[in-house]
Amino acid sequence: MNRDNNHETEKTTPKTEAAEEAAAEQTEPAAGEPAGKEPAGDFAEENIGSETEETDAANTPEEPEEKKKKGRLTEKVGAYTKSTKFRRGGISTAFTAGFLIVVILINVIVSVLAQRYPSMNLDLTKNKVNTLSAQAAEIVSKVNVPATIYIMATQAQTKGDQLLSEYGIKYSQVGELAEKIAEKNTNIKVEYMDLDKNPTFASTYKNDNLTAGDVLVKTDKRYRVLAYTDLFNVQYGADGVSTETYSMVDSALASALNSVIADTVAIASFDTGHSEQLETATYKKLLENNSFETKDFNLLTDAIPDNTRLVVLGCPATDYTDAELKRLDTFLSSAAIPGDRSLLITFHPSQQAMPKLAAFLKEWGIEVPQAVVVESDQSKYYTDDPSYILSTVQTGLSLGGQSDYGYFTTPQSNPVNLLFETRGTKTTYSLAKSNDSCYLVDNNTKADDTPQKTAYNTAVLSQDKVQAGAKEYKANVIALGSTTMFAGEILGASTFGNAKYVVDLSRYATGTTNSATAITQTSVQTNVSDITLSAEMSVLLGIGVFTLLIPLLVAIAGVCVYRKRRRL
């Protein structure tokens with residue numbers, strides 16, 4: 001045990017002596033100092049710290065070269081971020097970024113609002129084909145039941161003009177106007193129907209042969225299908241290649257809505273059993289646009305269709321049998337028809353004599369001579385044919401429609417005589433007259449005859465009263481001397497008021513004058529040129545202005561901005 005202790009003592013002795021010697025050295029006075037004086041504490045501590053720092057620095061390994069480079073880079077970045085150039089550049093960048101963000105947000109907001117409110121989209125077309133007409137707006141405002149406009153296409157196809165483009169048709173107009181209609185009246189909605197993905201929809205209306213581009217307008221009362229030919233009219237030029245495209249979308253959609261919201265629909269039935277010469281297509285379209293349903297029948301073999309309110313004999317080529325005339329007489333006098341009813345007959349100077357029909361008309365106070373009304377005043381007829389006369393609409397009988405029809409034409413008209421004003425319960429009215437500068441030409445007229453000039457009736461109406469239950473209704477026989485006045489180029493021309501007059505006359509004849517707003521088909525050219533340029537001017541604008549001048553101005557502006565910013 002003692003041996004171990006002695007051994008430990010021996011080991012620690014050298015260390016103890018060294019420590020004592022170091023302590024003695026620290027207690028010895030420095031040179032120049034008085035003996036026995038101790039050094040100041042603060043100074044001693046500073047020296048000790050200094051020695052420690054020097055020792056640590058001496059013992060610390062040298063930093064790698066990468067760390068030195070990183071330090072220098074950090075110093076440079078710090079200095080640059082504090083510079084004026086950085087502050088100005090940062091403000092500019094922030095402003096540019098903020099501006100771009102604002103532009104993007106505005107674009108998004110406007111796009112959303114434009115989809116919700118289509119009327120925000122400006123109509124920049126020359127003829128305003130993407131704007132609802134006053135007539136259409138009036139119809140839309142009267143829709144008081146839920147209605148749906150089905151467009152047989154996807155929204156992308158419609159808005160992208162991907163349908164019927166081979167005909168030069170801008171089909172996007174259908175979507176634009178349909179959505180503006182829906183925006184104007186919350187009772188109306190628009191749905192895009194892809195027939196390829198929804199074949200069952202087309203099968204529901206299999207009798208209507210729905211195809212891409214058609215439009216179906218529907219309420220709980222009824223529906224109406226508009227083919228693309230009801231929406232657009234494409235006419236080829238004389239060269240057989242160039243085309244002119246006309247839009248009827250506005251009036252077509254309005255007329256369809258007008259038809260499907262009507263409480264009652266009058267039926268107009270057209271006799272087809274006497275080789276009729278009347279061009280019925282445009283007239284029927286006008287009727288359908290104004291809450292009528294049209295049907296064809298053969299008076300010789302068929303009964304007059306049920307609920308018919310207007311029977312049309314469109315310039316018959318052969319006379320009628322007694323049985324047919326009896327059927328017409330029963331129709332006019334029937335107490336089973338709860339409303340006004342009418343017989344409308346058109347004539348042409350080329351017709352052969354029809355004594356039985358003539359006798360029937362005489363009972364109603366009407367006579368139609370085989371002659372043509374000719375105008376002697378060149379300012380009162382159009383084209384080179386003096387039989388294409390202008391007539392004046394008479395005001396003795398109000399049709400409850402337009403107050404002014406403008407130019408009203410009755411080309412190639414027979415004179416229509418009234419045999420009495422009143423007889424029993426029947427009363428006759430003149431609907432239209434030629435000018436008093438007209439005269440008649442018939443098979444007996446000679447070249448050297450002096451014509452007798454006077455005004456002739458070109459349209460008349462004879463009216464009787466019919467008791468049906470507790471109410472009294474009107475029975476009318478209408479004789480129009482002109483069949484040509486129904487020609488498509490006349491009814492479709494905005495120059496003449498024939499279309500408006502025919503609509504008002506038909507509505508009066510069926511007692512439906514106040515049931516809905518009258519609509520006439522309006523065609524607006526869509527591919528009309530907004531600007532006409534010569535080839536030289538086109539080259540000047542294309543190459544000189546857009547290819548050279550504008551890029552040059554942009555480049556100059558960029559150089560000026562760059563030079564100015566370098567001085568900052």
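1. Ile550 has a relative accessibility of 37% and so counts as partly exposed. The residue sits in helix α16, which covers residues 535–566. Ile550 also belongs to a nonpolar surface patch of about 530 Å², made together with Leu549, Leu552, Leu553, Val554 and Ile556. The model is a predicted one, and everything in this note should be read with that in mind.

2. Helix α15 gives another picture. The helix runs over residues 498–510 and has 13 residues. From its first C-alpha to its last it reaches 18 Å, close to the 18 Å expected at 1.5 Å a residue. Twelve of the 13 residues are buried, so α15 is largely enclosed by the rest of the structure. Among the buried residues are the charged Asp504 and Arg507, along with Asn498, Tyr501, Val502, Val503, Leu505 and Tyr508. Just after the helix, Gly511 takes a positive phi of about 70°.

3. Strand β1, residues 147–151, is also enclosed. Five of its five residues are buried, so the strand is largely enclosed by the rest of the structure. In a regular strand, side chains alternate between the two faces of the sheet. Both faces of β1 are covered: Ala147, Ile149 and Ile151 are buried on one side, and Thr148 and Tyr150 are buried on the other.

4. Which strands pair with β1? Strand β2, residues 188–192, runs parallel to β1 and is joined to it by five bridges. Within this pairing, Ile149 stands opposite Val190 of β2. Strand β3, residues 215–218, pairs with β1 in the antiparallel sense, over four bridges. Here Tyr150 has Leu216 of β3 as its bridge partner.

5. Side chains of opposite charge can pair when their charged atoms come close. A search of the whole structure finds nine salt bridges. One of the pairs is Lys284 with Asp296, whose side chains meet at 2.8 Å, N to O. Lys284 lies in helix α11 (residues 281–289) and Asp296 in strand β8 (residues 292–297), so this salt bridge ties together parts that are twelve residues apart in sequence.

6. Are the two partners of that bridge buried or partly exposed? Lys284 has a relative accessibility of 16%; buried means under 20%, and Lys284 therefore counts as buried. Asp296, at 47% relative accessibility, counts as partly exposed.

7. Helix α11 holds a further salt bridge, between the side chains of Glu288 and Lys285, at 3.9 Å, N to O. Both residues lie in α11, three residues apart, which is about one turn of the helix. Glu288 counts as partly exposed, with a relative accessibility of 23%. The pair is part of a wider arrangement: Asp230, Lys285 and Glu288 are linked in a network of salt bridges.

8. Another salt bridge joins the side chains of Asp377 and Lys380, again at 3.9 Å, N to O. Asp377, at 27% relative accessibility, counts as partly exposed. Lys380 also counts as partly exposed, at 25%.

Definitions and conventions. Residues numbered from 1 in each chain as written. Predicted model: local features only at pLDDT ≥ 70, side-chain atom pairs only at ≥ 80, totals over all residues. Heavy atoms only, no water. Salt bridge = Lys/Arg side-chain N within 4 Å of Asp/Glu carboxyl O. Helix = DSSP H or I, 4+ residues; strand = E, 2+ residues; numbered from the N terminus. Buried < 20%, exposed > 50% of the residue type's maximum accessible area, 1.4 Å probe, protein only. Expected span 1.5 Å × (residues − 1). Patch = residues over 30% accessible without salt bridge, like charges linked within 9 Å, V, L, I, M, F, W, Y side chains within 5 Å. Areas by Shrake-Rupley, 256 points an atom, 1.4 Å probe, with all protein chains shown as cover. Pairing = 2+ DSSP bridges.
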